[in-house]
Amino acid sequence: TISIAVDGTNSVNQPNSVAGHHAPDAIHVQYPGSIWPLGPYSYDQSVAMGVAETKRVVREQHSRCPASTIRVVGHSQGSRVAGDAIEQLAAEGDTSYIHGDLYSDPRHVGTGIEVMVPLGLPGNRFMGERSGFGNADVNQVCITGDPICNFPNLVAEPFKALDVIPGYTNLHGAYPVGVTNEVTAAPAPPPVVVLPETPPLPPLLCSGPALPRST
């Protein structure tokens, strides 16, 4: 297995990065990992450069060792980059050689911040859920309460807005090795039971002897 790590915002090549922690011997994708004004590039620019470089590294390693599994590990913005790269590679052809581990993915199915919050801001577009990963084996791992991958439904529960900053501060970087996806899909609604139609009542009998008249 060849591991490729895509670090999160302001964490590229940092020794304590989550992606690097989960793949200590990985090749680190070189991209800005930036969100303006916290860095020189907008989120959209940074993601685009990261996706292009991740795809290049994956192709290069697969060409060099075609029998090897390519493991792509991302965290936060790096998870967005890694997931988008795998999605685009899947649109181009076979991805069965790719295994992905996406930690705190902003496009996490059903609950990611880019799924729950529409549009985003100029230069920081939110793209919703992905179309899929082809035949790549991809895990999206999210700790319940981490708002990047488990953003609350503020329309249904507006008071949950109070949990967003503490959740980010306390949980966003808390992905120790071995953690599993704690976010569970919303329970399916109960099946609609269709009852058989009630047969009509027989018509009232209007013939017969008259009832005795009370006196």
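Where do Arg56 and Glu53 lie, and how many residues apart are they?

1. In this predicted model, Arg56 and Glu53 are both part of helix H2, where they sit three residues apart, about one turn of the helix. The two residues form a salt bridge, and their closest N and O atoms are 2.8 Å apart. Arg56 has a relative accessible area of 40% and is therefore classed as partly exposed.

2. A second salt bridge involving helix H2 joins the side chains of Lys55 and Glu92, with an N to O distance of 3.3 Å. Since Glu92 belongs to helix H3 and Lys55 to helix H2, this pair ties together parts that are 37 residues apart in sequence. The two partners fall into separate accessibility classes: Glu92, at 49% relative accessibility, counts as partly exposed, whereas Lys55, at 11%, counts as buried.

3. The side chains of Asp105 and Arg130 also meet in a salt bridge, at 2.6 Å from N to O. Asp105 is in the loop between S4 and helix H4 (113–116), and Arg130 is in the loop between strand S6 (124–125) and strand S7 (137–141), so the contact ties together parts that are 25 residues apart in sequence. Asp105 counts as buried at 0% relative accessibility, and Arg130 counts as buried at 11%.

4. The pair just described belongs to a network of salt bridges that links Arg80, Asp84, Asp105, Arg107, Glu114 and Arg130. For the model as a whole, the count comes to twelve salt bridges. As background, side chains of opposite charge can pair when their charged atoms come close.

5. Turning to the nonpolar side chains, the largest nonpolar core has 24 residues, and the members that touch the most other members are Val6, Val58, Ile70, Val72, Ile86 and Ile98. At least two residues of this core are supplied by each of strand S1 (2–6), helix H2 (43–64), strand S3 (70–75), helix H3 (77–92) and strand S4 (98–103). Helices H2 and H3, which contribute to this core, are also the helices that hold Lys55 and Glu92.

6. Ile98 may serve as an example of the contacts made there: when residues up to four places away in sequence are not counted, Ile98 touches Val58, Ile70, Val72, Ile86, Leu89, Ala136 and Asp137. Apart from the largest core lies another core, of 14 residues, which includes Ala5, Val18, Val141 and Cys149. In soluble globular proteins, nonpolar side chains tend to be buried together.

Conventions: Residues are numbered from 1 along each chain as its sequence is written. This is a predicted model: local features need pLDDT of at least 70, side-chain atom pairs count only at pLDDT 80 or more; totals for chains, interfaces and linings use all residues. Side-chain values use heavy atoms; hydrogens and water are left out. A nonpolar core is a set of buried Ala, Val, Leu, Ile, Met, Phe, Trp, Tyr and Cys residues joined through side-chain atoms within 4.5 Å. Buried means under 20% relative accessible area, exposed over 50%, partly exposed in between (1.4 Å probe, protein chains only). Helices (H or I, at least four residues) and strands (E, at least two) are DSSP runs, numbered from the N terminus. Contact means heavy atoms within 4.5 Å. A salt bridge is a side-chain nitrogen of Lys or Arg within 4 Å of a carboxyl oxygen of Asp or Glu.
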